[in-house]
Amino acid sequence: MPEPSAQSYANHTRYVPLYHFGAFGVFVVNLFWTLWRLFRAPSADTAMAALMAFALIGLFFYTRLFALTVQDRVIRLEMQLRLQQILPPELRGRIDELRRGQYVALRFAGDDELPELFTEVVDGKLTSSDEIKKRIRNWRADDLRA
């Protein structure tokens, strides 16, 4: 079995084809189909089917959002512990200044460059997740993402 290629900024996003394209595609087709039926033959049944189609789309997005929220909380905790171990004492008091997206972006940085990137983030030189990720030289892969 071939080894997976190294993770980087260019390829770190994760898509699950059956979820992102398969299930979502079916839900979208179902929504349009039920709306078409509702407008062609309005009834309580077609209205209920349309409501259910909207609910399924909402469920699709919220299940993903809930999983990502829990993942981000775990990442925040992991990064707080990691930063406590890696940062010099004078920077440890600034760990709580990070926003959620900054914790998430910094998790990809290797231990050698993390203090420098952390300083740039809390000093306001790097603000967005993309800016932080693009500055990482030694990418730490995260293959356990939701």
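**Exercise 1. Describe the nonpolar surface patch and place one of its members, Leu 65, in the chain.**

Step 1. Tyr 62, Leu 65 and Phe 66 make up a nonpolar patch on the surface, with about 340 Å² of accessible area together. Patches take residues with over 30% relative accessible area and no salt bridge, joining like charges within 9 Å and nonpolar side chains (Val, Leu, Ile, Met, Phe, Trp, Tyr) within 5 Å. The areas come from the Shrake-Rupley method with a 1.4 Å probe, and for residues only the protein chains shown count as cover.

Step 2. The model is predicted: local features need pLDDT of at least 70 and side-chain atom pairs pLDDT 80 or more, while totals for chains, interfaces and linings use all residues. Residues are numbered from 1 along each chain as its sequence is written, and side-chain values use heavy atoms, leaving out hydrogens and water.

Step 3. Leu 65 belongs to helix α2 (residues 44–86). Helices (H or I, at least four residues) and strands (E, at least two) are DSSP runs, numbered from the N terminus.

Step 4. With a relative accessible area of 43%, Leu 65 is partly exposed. Buried means under 20% relative accessible area, exposed over 50%, and partly exposed in between (1.4 Å probe, protein chains only).

**Exercise 2. Describe the largest pocket and its lining.**

Step 1. The largest pocket holds about 350 Å³ of space. A pocket is an open set of points on a 1 Å grid over the protein atoms alone where a 1.4 Å probe fits, with protein on both sides within 12 Å along at least five of seven lines; lining residues have an atom within 4 Å of a point. Grid points are joined across faces, edges and corners, and the volume is the space filled by probe spheres set on them.

Step 2. The lining of the largest pocket has 17 residues, and Leu 68, Gln 71, Val 104, Arg 107 and Arg 145 are the closest to the centre.

Step 3. Helix α2 gives the most to this lining, four residues. At least two residues each come from α2, α4 (100–106) and α6 (129–135).

Step 4. By class, the lining of the largest pocket has seven charged, five polar and five nonpolar residues. Ala, Val, Leu, Ile, Met, Phe, Trp, Tyr, Cys and Pro count as nonpolar, Asp, Glu, Lys and Arg as charged, and the others, Gly among them, as polar.

**Exercise 3. Take three salt bridges and state which parts of the chain they link.**

Step 1. The structure has nine salt bridges. In each, a side-chain nitrogen of Lys or Arg lies within 4 Å of a carboxyl oxygen of Asp or Glu.

Step 2. Arg 100 and Asp 72 form one at 3.8 Å, N to O. The pair joins helix α4 to helix α2 across 28 residues. Arg 100 is exposed at 51%, whereas Asp 72 is buried at 15%.

Step 3. Asp 111 pairs with Arg 82, with the closest N and O atoms 2.8 Å apart. Asp 111 is in the loop between α4 and α5 (114–122) and Arg 82 in helix α2, 29 residues apart. Asp 111 is partly exposed at 44%; Arg 82 is buried at 8%.

Step 4. Asp 123 and Arg 94 form a salt bridge with closest N and O atoms 3.0 Å apart. Asp 123 lies in the loop between α5 and α6 and Arg 94 in the loop between α3 (89–92) and α4, so the pair ties together parts 29 residues apart in sequence.
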